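Here's a walk through one protein, from a single side chain out to the packing of its helices. Have the structure open while you read.

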Amino acid sequence: MTTRHLDLLRDLSAKNREKEEQQRREEQRQRKRESLLRDRLLNRSSRASSLPESAGTANSPHGADPSGSIAPPDEDALPEEQREWQVRCNRDIERRQEEAIQKVQEKQRMELLKREREKQRQQRRLSRAQSYLLERCGERNPELKEFLENKAKKPAALPKLPYLQPRGTLTLAMPPEGKTDGDDAEEQDDGTPSGEEAKTTAAAADFKNTSGSTGGGSRTVLADAGCKTKQQRSPEKRSSSVSASKAQVSRLRSSYQTLSEWKHRKGCSPDQKVFIVLAGYPDLREALLRRGWFMNEDKASKHFDFKWARATDIDHDKLLPDQMVNHFDCCRGLTTKIGLTVSLKQSRFYTSVDMDHYYPRAFDLYDPLDRAEFVLNFKHSKAESILRAFLRDVDCGSVQDTFSQDVVAIASKVCMRLVTDPEDVMDCGPLAVDLGCVPAADWEVLQQVNLDDPTKPLEGYLKEDVLDQMVNKRSTRIAPKKLEESEADKKGTKDKDTKKDKKRQHEGTKPVVLSAPLSSFDKPRGQHLIRQVRTTLAELSEKSRQHNINGTRNAWIVKPSGKSRGRGIQVMRELDEIFKTTESDGFQWICQKYIEQPQLIHGYKFDMRQWILVTDWNPLTVYIWRHPYLRFAGQRYDETLADRSEFTHLTNNSIIYNMDGFSNKNSDLDAHGYMWFKQQYQEFLHSTYCKCKKHHTPWLEPPPYTCDYFGVRWEDVMFVAKEEDDEDEEEDGDSPHQPNQLPKQLAAAATSGQPSVSPATSTAVPSSDASESTGSEGSRDEVVHPSAVEEAAKTATKLPADAGQESAAADTNEGDDVDDANRASCEDLWDSCIRPQMEDIIIWSLLCVRDDIAHRKNTVELYGYDFMVSHGQEKPEVWLIEVNSTPACDYSTPVTCPLVKKNDGGH
């Protein structure tokens, strides 16, 4: 057992003790409460019996105790009397609880009302102050005016505000409705507010009442001689002041209006539903309008029945119980890189499945404990990479030089500690101490090994003292003096190494040779090392799936937690560059093991985007979209990792879009936009893994939803939205969806043909487009959601008339007259291997965060899961990469366009 496992056991024991202590305290409180209630009832009954009969009105039905409590029956009382006494006691308890709850609710309502009034009061004060500054001081202080209007740089000093007269001293009389001559008519044309709006405008500045001689009314003018009067101000300035006053009045009115009043003012029928859709999603907006809903265009309005927006645009504290939104509160444990890594560490506690089974090991470099565990894991991974590279050289046989026998022996010894059972060495002190660590003498040799070229030692590695300092300090930032010292140490590395070599020679110890000819392993000791390495790597693969993603380069991927859309992600291979890159304290960093053995399609890396919809957390209710899609990297994958370009290692559409040649069709993938439908991936899995001599694939179908299915041309509807939100990142704008700037050549070429899929039939089997996974502790039941697949369940999917003719002919097994109905079909790896793993991972991850998320009815949330596939021992293995809140639903490629239309619009 490793140190991590021991820490996990201690944490679980501590949690169990806390739960037992809490349960014991709860039982004590319950017993104390029952005792106090019993004493209270006894005292009350004794006082009632001691009263004289003349005061017997207290015992009458009109003066009876409202609790209805009586003295507890004796031990010899009948069971009916005991039950009656218990029932009365329970009623008294319930009544007192209801009274306490009502008092608390009333107090909360009063506090909320008080806060609302104070907020309105502050808004009025701010509006009056801003209006005064604009009207009185804007002419004389252009800097202040620019600050108030354009939010420019704050001026050095602000003038003092004068005392504003109370509203009662102002006498405003608006002119009659029929008056249209003179200045009054001019002001009506300018949009001067009337009624309550005029009062609000008057309260925004220091006014003096003067009587007018025309129209039988009075006019209000400015009293300050230093500023221009209302008649002398330009129409533009009056219009800006009036518009600001109208905006303030609108905010004040919206603060006390109800939804029914809002509907009446907007001309909406009382039984019509109101919705707000922000951040794009045109298909969702059109689908709601088709269903007869009314759209509220004010994004900040509180009057709605359903609101679809980003998480930052939803105030969960002010939601009414019947209002529906598309985000749960407190979801950072699932949708952020740091939160997901921390939450999945409790996977064994919630699901009995360890995080290492489905999530590449990741570490928070801000936490000193995680940094220490990362350094230890880095050392183990490098030792394993040395062994894998050594076996590659042995199996290849074409290389001349490889790692020396001493290096291979040290790396093998380090890896053998990982597969050693602690019970076998528990009685041996030295072995038990070194079981979970890498000795300093072994690491001094391994850190010099160059995985790219064994003949050249690695330069620039961190010294042991600098490494210990970076692990133990609170932050990853290095002090300037330490940096200078480390640079000086690197400059003098050769001199120090020379001194060490001389010292070793003087002491009779030879320095370790890092490389040796491959022929040196032909001797018995070399053959023994080869067999030992093969056995050790086989045992590592059987112990944990994490070892199946390791390769020969010991690569790690560094992710900043405060950025999304693939920004700031880098691939690194050495400790010094990892710690130097993450020394910034602006945000946290996650260092995750890079999947060095990914499944490749025609030489390209890819990941799968899976949409899911969570409608409830108790019980956990999940709807899984049946049509995920694949996203490819822009360049071929290189196993040597010599090219660290983001176009080789990342699959984000927002990154690949900026690559040269993105607008051209990729001949290797036979696709535009570097995306595939799920059905194309099914065909690839069949062609790669199926060993049948005669193939029969009735489950292989073309994509059911394409641009032709919806009758649209992608170049006419394409747009690119901002990628999925990262809750650690600040919002870039209120409307992230912008018109697409993709080249027209890509759009024209993309819609000219169908994707290369080999269907077995010309029509698809009717099936629902979403599957529901409900339950807990790993249980999963697939059912059809009535509202999620309302349109899809009506009719079967129709495909083009000529689709599948060529591949259907090829699927007849070269002209053999065999009855397809009696022939066994080939294995569908998607349904038997890939999809079950994805669904299990989704359920496991949701169970890990269920206790941290605020449960609320009438709330749904759409998540975007990103998965990668690696080569397993027999079949592909699926890995969770990250979970995105508000995933991108745009028409970025011919693949996402029809899927988004089907998912969001319910066509």
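In which helix does Cys-848 lie? Cys-848 sits in helix H28. Keep in mind that we're looking at a predicted model here.

**Starting from Cys-848**

So what's around this cysteine? Cys-848 is buried, with a relative accessible area of 1%. Setting aside neighbours within four places in sequence, Cys-848 is in contact with Ser-343, Leu-344, Gln-346, Ser-347, Tyr-350 and Tyr-358. It's a long way along the chain to that region: Cys-848 and Val-342 are 506 residues apart in sequence, yet their C-alpha atoms are 9.8 Å apart in space.

Two of those partners, Ser-343 and Leu-344, are also listed among the buried residues of helix H10. H10 covers residues 337–344, and 7 of its 8 residues are buried, so the helix is largely enclosed by the rest of the structure. The buried set is Lys-337, Ile-338, Gly-339, Leu-340, Thr-341, Ser-343 and Leu-344. Note that a lysine is in there too, Lys-337.

**The cores**

Back to H28 and its surroundings. The largest nonpolar core has 65 residues, and those with the most contacts inside it are Met-608, Tyr-681, Ile-834, Leu-846, Tyr-863 and Tyr-865. Helix H28, residues 829–849, gives the most to this core, with 13 residues. There's also a second, separate core of 45 residues, which includes Phe-363, Phe-390, Val-408 and Leu-575. As a rule, nonpolar side chains in soluble globular proteins tend to be buried together.

What does Tyr-865 touch, leaving out residues up to four places away in sequence? Its partners are Leu-334, Met-608, Arg-609, Gln-610, Ile-612, Ile-842, Ser-845, Leu-846, Leu-880, Glu-882 and Val-883. Met-608 and Leu-846 on that list are, like Tyr-865, among the residues with the most contacts inside the largest core.

**How the helices pack**

H28 also meets helix H23, residues 678–689: their axes come within 10 Å and cross at roughly 110°. That makes H23 roughly perpendicular to H28. At this crossing, Lys-678, Tyr-681, Gln-682, Leu-685 and Tyr-689 of H23 meet Leu-829, Trp-830 and Ile-834 of H28. Tyr-681 and Ile-834 turn up here, and both are on the list of residues with the most contacts in the largest core.

Elsewhere, helix H19 (residues 524–543) packs with H12 (residues 368–396), and the two axes come within 10 Å and cross at roughly 125°. That makes H12 oblique to H19, and the crossing is left-handed. On the H12 side you'll find Glu-384, Leu-387, Arg-388, Phe-390, Leu-391, Val-394 and Asp-395, which meet Ile-530, Val-533, Arg-534, Leu-537, Leu-540 and Ser-541 of H19. Phe-390 from this contact is also one of the residues of the second core.

H19 has another partner in H13 (residues 405–418), where the angle is about 30° and the axes are 10 Å apart. That makes H13 roughly parallel to H19, and this crossing is left-handed as well. From H13, Gln-405, Asp-406, Val-408, Ala-409, Ser-412, Cys-415, Met-416 and Leu-418 take part, facing Arg-525, Gly-526, Leu-529, Gln-532, Val-533, Thr-536, Leu-540 and Lys-543 in H19.

Here's the make-up of the three contacts by residue class:

| Helix pair | Nonpolar | Polar | Charged |
|---|---|---|---|
| H12 with H19 | 8 residues | 1 residue | 4 residues |
| H13 with H19 | 8 residues | 5 residues | 3 residues |
| H23 with H28 | 6 residues | 1 residue | 1 residue |

One charged residue is worth a look. Is Glu-384 buried or exposed? Glu-384, in helix H12, is buried, with a relative accessible area of 1%. Apart from residues up to four places away in sequence, Glu-384 touches Cys-415, Leu-537, Leu-540, His-547 and Asn-550.

**Stepping back**

For contrast, try Asp-39 in helix H1, residues 3–50. At 37% relative accessibility, Asp-39 counts as partly exposed. Its C-alpha is 9.9 Å from that of Pro-72, which is 33 residues away in sequence.

Over the whole protein there are 29 helices and 22 strands, and 44% of the 907 residues count as buried. Of the contacts between residues at least 6 apart in sequence, 73% join residues at least 24 apart.

Key:
Residues are numbered from 1 along each chain as its sequence is written. This is a predicted model: local features need pLDDT of at least 70, side-chain atom pairs count only at pLDDT 80 or more; totals for chains, interfaces and linings use all residues. Side-chain values use heavy atoms; hydrogens and water are left out. A nonpolar core is a set of buried Ala, Val, Leu, Ile, Met, Phe, Trp, Tyr and Cys residues joined through side-chain atoms within 4.5 Å. Buried means under 20% relative accessible area, exposed over 50%, partly exposed in between (1.4 Å probe, protein chains only). Helices (H or I, at least four residues) and strands (E, at least two) are DSSP runs, numbered from the N terminus. Contact means heavy atoms within 4.5 Å. Axes are lines fitted to C-alpha atoms, for helices over the stretch in contact, and angles run from 0 to 180 degrees between N-to-C directions. Angles under 35 degrees count as roughly parallel, over 145 as roughly antiparallel, 65 to 115 as roughly perpendicular and the rest as oblique. A crossing is left-handed if the near helix is turned anticlockwise from the far one by less than a right angle, and right-handed if clockwise. Ala, Val, Leu, Ile, Met, Phe, Trp, Tyr, Cys and Pro count as nonpolar, Asp, Glu, Lys and Arg as charged, and the others, Gly among them, as polar.
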